[in-house]
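The following note is offered to a colleague as a set of numbered points. It moves from the overall form to the helix packing and then to individual residues.

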Amino acid sequence: MSSDKLTAILARAAAGDPDAAAAFLRARVGRVQAAERFRASGHAAAWRMIRAAE
C-alpha cells in the first residue's frame, strides 16, 4: 500500500472511522512483517558470506 493511501486511511481513522483504524493497523502490521522478513534474509545472507569466506 502506498504512503498516500496510508496517510488517507490514517486521516480517516483520526476522524473516528473504526474501519479505517482497523485497515491502518492491518497495513502497518503487514509492513512490519515484511521488514522483519527482509532483515532476516539479510542476516542469513551475511552469515552465508561469512561462512563462505572461512
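1. Overall dimensions. The radius of gyration of the protein is 18 Å, whereas a compact globule of 54 residues would have a value near 10 Å. The coordinates come from a predicted model, and this comparison should be read accordingly. Along the principal axes, the C-alpha atoms fill a box of roughly 55 × 15 × 10 Å.

2. Secondary structure and burial. The protein contains 2 helices and 0 strands. Of its 54 residues, 11% are buried.

3. Helix geometry. Two packed helices are described by the angle between their axes and the distance between the axes. Here, helix α1 spans residues 3-14 and helix α2 spans residues 18-53. Their axes come within 8 Å and cross at roughly 140 degrees. Because angles over 145 degrees would be needed for the roughly antiparallel class, α1 and α2 are classed as oblique to each other. The crossing of α1 past α2 is left-handed.

4. Composition of the contact. On the side of α1, the contact is made by Ser 3, Leu 6, Ile 9, Leu 10, Arg 12 and Ala 13. On the side of α2, the participants are Ala 20, Ala 21, Ala 23, Phe 24, Ala 27 and Arg 31. The residues of this contact divide into 9 nonpolar, 1 polar and 2 charged.

5. Arg 12. This residue lies in helix α1 and takes part in the contact with α2. Is Arg 12 buried or exposed? Its relative accessibility is 44%, so Arg 12 counts as partly exposed; the partly exposed class lies between the 20% limit for buried and the 50% limit for exposed. When neighbours within four places in sequence are left aside, Arg 12 is in contact with Asp 17 and Ala 20. Arg 12 and Phe 24 are 12 residues apart in sequence, and their C-alpha atoms are 9.5 Å apart in space.

6. Ile 9. Helix α1 also holds Ile 9, another of the residues that make the contact with α2. With a relative accessible area of 12%, Ile 9 is buried, since the class requires a value under 20%. Ile 9 and Gly 30 are 21 residues apart along the chain, and 15 Å separates their C-alpha atoms.

7. Points to keep together. A reading of this predicted model should set the radius of gyration of 18 Å beside the buried share of 11%. The description of the helix pair rests on the crossing at roughly 140 degrees and on its left-handed sense.

Technical notes
Residues are numbered from 1 along each chain as its sequence is written. This is a predicted model: local features need pLDDT of at least 70, side-chain atom pairs count only at pLDDT 80 or more; totals for chains, interfaces and linings use all residues. Side-chain values use heavy atoms; hydrogens and water are left out. Axes are lines fitted to C-alpha atoms, for helices over the stretch in contact, and angles run from 0 to 180 degrees between N-to-C directions. Helices (H or I, at least four residues) and strands (E, at least two) are DSSP runs, numbered from the N terminus. Angles under 35 degrees count as roughly parallel, over 145 as roughly antiparallel, 65 to 115 as roughly perpendicular and the rest as oblique. A crossing is left-handed if the near helix is turned anticlockwise from the far one by less than a right angle, and right-handed if clockwise. Contact means heavy atoms within 4.5 Å. Ala, Val, Leu, Ile, Met, Phe, Trp, Tyr, Cys and Pro count as nonpolar, Asp, Glu, Lys and Arg as charged, and the others, Gly among them, as polar. The radius of gyration is taken over C-alpha atoms; the globule rule is 2.2 Å times the number of residues to the power 0.38. Buried means under 20% relative accessible area, exposed over 50%, partly exposed in between (1.4 Å probe, protein chains only).
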